[in-house]
Amino acid sequence: MGYFSSDVTKDKLVILYFLRATGLALTSDQCMRIVSDRNWMNYFSFQNAVNELLERGLLKMQETPVGHCLEITADGLQAVDDFSSRLPQSFRNDVDEYLKIHRLKIRSIATHYATFDRQANGQYI
């Protein structure tokens, strides 16, 4: 992807584009697992990009029943609208195709949670 002044810029836009496309708030682990499994970036690049996006207010951490989730802000949505054309069409197609196949699974993972209470006898319910 030679469109970017740095890999960090590309990585930030990849994360923003993906989160906008999913339409869901995902935990950092959920998002990182997907982007690394798809070889869009590695763990360290992901962490660096997320930290910068949080610092700049393009992402925020939202408390949800499944934990702290990454959520794209209005400024993040504007950045995607302004700059997504800099992402190669092949990448955008890859995201769209991935989500066609996995959207329901991602939604299920992002929205299902369970709580367990330990009983006096050591069992959980």
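Is Y17 buried or exposed? I looked this up first and found Y17 buried, with a relative accessible area of 7%; buried means under 20% and exposed over 50%, with a 1.4 Å probe and protein chains only.

I noted that this is a predicted model, in which local features need pLDDT of at least 70, side-chain atom pairs count only at pLDDT 80 or more, and totals for chains, interfaces and linings use all residues. Residues are numbered from 1 along each chain as its sequence is written, and side-chain values use heavy atoms, without hydrogens and water.

**Rings**

I found five aromatic pairs in the structure. Rings of Phe, Tyr and Trp (its six-membered ring) pair if their centres lie within 6.5 Å; planes under 30 degrees apart are stacked, over 60 edge-to-face, the rest tilted. The planes of Y17 and F91 stand at 55 degrees, with the ring centres 6.0 Å apart, so I entered this pair as tilted. Y17 sits in helix α1 (residues 7–22) and F91 in helix α5 (residues 89–111), 74 residues apart; helices are DSSP runs of H or I with at least four residues, strands runs of E with at least two, numbered from the N terminus.

F91 is buried at 4% relative accessible area. I also found F91 paired edge-to-face with W40, at 5.2 Å between centres and 75 degrees between planes. W40 lies in the loop between α2 (28–37) and α3 (43–55). Ring pairs join Y17, F18, W40, F91 and Y98 into a cluster.

**Sheet**

I read the open sheet as three strands in the order β1-β3-β2, with antiparallel pairing; strands pair if DSSP finds at least two bridges between them. The edge strands are β1 (26–27) and β2 (59–64).
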